[in-house]
Amino acid sequence: MSNHELEIVDVIKKIKDLKAEKVGLQFPEGLKVHAIKIARQIEEGTGVIVIISADPCYGACDVADVDMGDLVDVLVHFGHRPLPIDYDLPVIFVDARSNMDLLGCVKSSIRLLEGYEKIGLVTTIQHLHLVNEVADFIEQNGKEILMDKGSGTTKGQVLGCNFSAIKNLDADAFLYIGSGNFHPLGIKLFTDKTVIVADPYLGEARKIDEFANRILRIRSARIAKAMDAKRFGIIVSTKKGQSRLELAKNLKNILKDVDREGFILLLDDVSPDLLIPFMDLDAFVMTACPRIAIDDSEMYKKPLMTPQELEIAIGKRKWEDYEIDEIKYSG
Ligand code: SF4
């Protein structure tokens, strides 16, 4: 049986154990294409009625327990592990393990790791079950592998907004196993060390440095544009895993201290269109997902910043002390 089939067999058993009659399913965007097939498997395997959450799901922070709390007995959430927060109903978390071979791209990374001895190894939950195999291979090539668990994350796992699993690693460089620039960019901004991506989907390895430098130039330009801003929108998320109202209130006070105005805006999904009615504000600060300001800023007409970037814009922090924003979880 494939990893996927094993996971569904396990889900069916857990649903039966819970004696659920109505079951919610939630998938991140990349896994939604499997939703119908999985819904059919679960309905046929258990006799329950399945309701699929078709809204966007952005991450572990965005579990649909509140939305589905009155509709289903249990929610099955694919692609993430639980954060240390309280959920409104029983949630079965499914890793959605990838069957992809990792060693091909990891072999390609060896030449890029030349000159680095201690390698911090990180990945996402989809590849975590194969990370020991990768660690053994890298060690056979003469490197020392460093891994740690974080607050709210498993050993070797990072989220786009939580790097606690690598913060205590004395690594010379980091090797990220997975696709895209999202997580490796975060690791680069968090550590300022060399980050190499071993991408099993493209079957290649690459450095993230050039991309990260381009992003930092964009961040610098956004901050510069916000330096003269007088009125700020401080965005707070209603999503349980992203909600940082206390931070927003602090930012409002900090702005008041420097004779600027801050207005707290509460949103579920943050999008440029939803900010259009607030164009009399000069700039926005994001206390919801920290990555929106960094990864999506080109979509926004007015400067959109992280809390740390706001501090730079109003002269409370130096550019040299730039830090990526994190959502810190205890547990
Ligand atoms: S807050 Fe953003 S980066 Fe963090 S888990 Fe949610 S979507 Fe991902």
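**View 1. A salt bridge joins D199 and R206.** In this predicted model, the closest N and O atoms of D199 and R206 are 3.5 Å apart. D199 itself is buried, with a relative accessible area of 2%. Look for this acidic side chain under the surface of the protein chain, since a residue counts as buried when its relative accessible area is under 20%.

**View 2. D65 pairs with K240 in a salt bridge.** Here the closest N and O atoms are 2.5 Å apart. D65 sits in helix 3 (residues 65-68), while K240 belongs to the loop between strand 10 (231-237) and helix 8 (245-257), so this pair ties together parts that are 175 residues apart in sequence. The two partners are worth viewing with the surface switched on: D65 is buried at 2% relative accessibility, whereas K240 is partly exposed at 33%.

**View 3. Four charged residues share a network of salt bridges.** D62, K239, D268 and D269 are the linked residues. For context, the structure holds 20 salt bridges. Another of these pairs is E311 with R317, whose closest N and O atoms are 2.8 Å apart.

**View 4. The ligand sits within a shell of residues.** Surrounding the ligand you will find Y58, C61, G160, C161, F182, Q242, C289, P290, R291 and I327. Sorted by class, this shell has 7 nonpolar, 2 polar and 1 charged residues. The charged member is R291, because only Asp, Glu, Lys and Arg count as charged. Gly counts as polar, which places G160 among the polar members of the shell. Domain 2 (103-207) and domain 3 (217-321) each contribute at least three residues to the shell around the ligand.

**View 5. I49, I51 and L71 make a nonpolar surface patch.** The patch covers about 250 Å². One of its members, I49, is found in strand 2 (residues 49-52). The side chain is easy to pick out on a surface view, as I49 is exposed, with a relative accessible area of 53%.

**View 6. A96 has a positive phi although it is not a glycine.** The phi angle of A96 is about 60°. To find A96, follow the chain into the loop between strand 4 (91-94) and helix 4 (103-109). Is A96 buried or exposed? At 14% relative accessibility, A96 counts as buried.

**View 7. D192 is another residue other than glycine with a positive phi.** Its value is near 60°. D192 is in the loop between helix 6 and strand 8 (194-199). With 64% relative accessibility, D192 counts as exposed.

**View 8. K188 is a buried lysine in helix 6.** Helix 6 spans residues 182-191. The relative accessible area of K188 is 11%, so K188 falls under the 20% cut-off for a buried residue. How far is K188 from L304 in sequence and in space? The two are 116 residues apart in sequence, and their C-alpha atoms lie 21 Å apart.

Methods. Residues are numbered from 1 along each chain as its sequence is written. This is a predicted model: local features need pLDDT of at least 70, side-chain atom pairs count only at pLDDT 80 or more; totals for chains, interfaces and linings use all residues. Side-chain values use heavy atoms; hydrogens and water are left out. Patches are made of residues with over 30% relative accessible area and no salt bridge: like charges are joined within 9 Å, nonpolar side chains (Val, Leu, Ile, Met, Phe, Trp, Tyr) within 5 Å. Accessible areas come from the Shrake-Rupley method with a 1.4 Å probe; for residues, only the protein chains shown count as cover. A salt bridge is a side-chain nitrogen of Lys or Arg within 4 Å of a carboxyl oxygen of Asp or Glu. Helices (H or I, at least four residues) and strands (E, at least two) are DSSP runs, numbered from the N terminus. Buried means under 20% relative accessible area, exposed over 50%, partly exposed in between (1.4 Å probe, protein chains only). A residue is near a molecule or strand if one of its heavy atoms lies within 4 Å of it. Domain bounds come from an automatic or database domain assignment.
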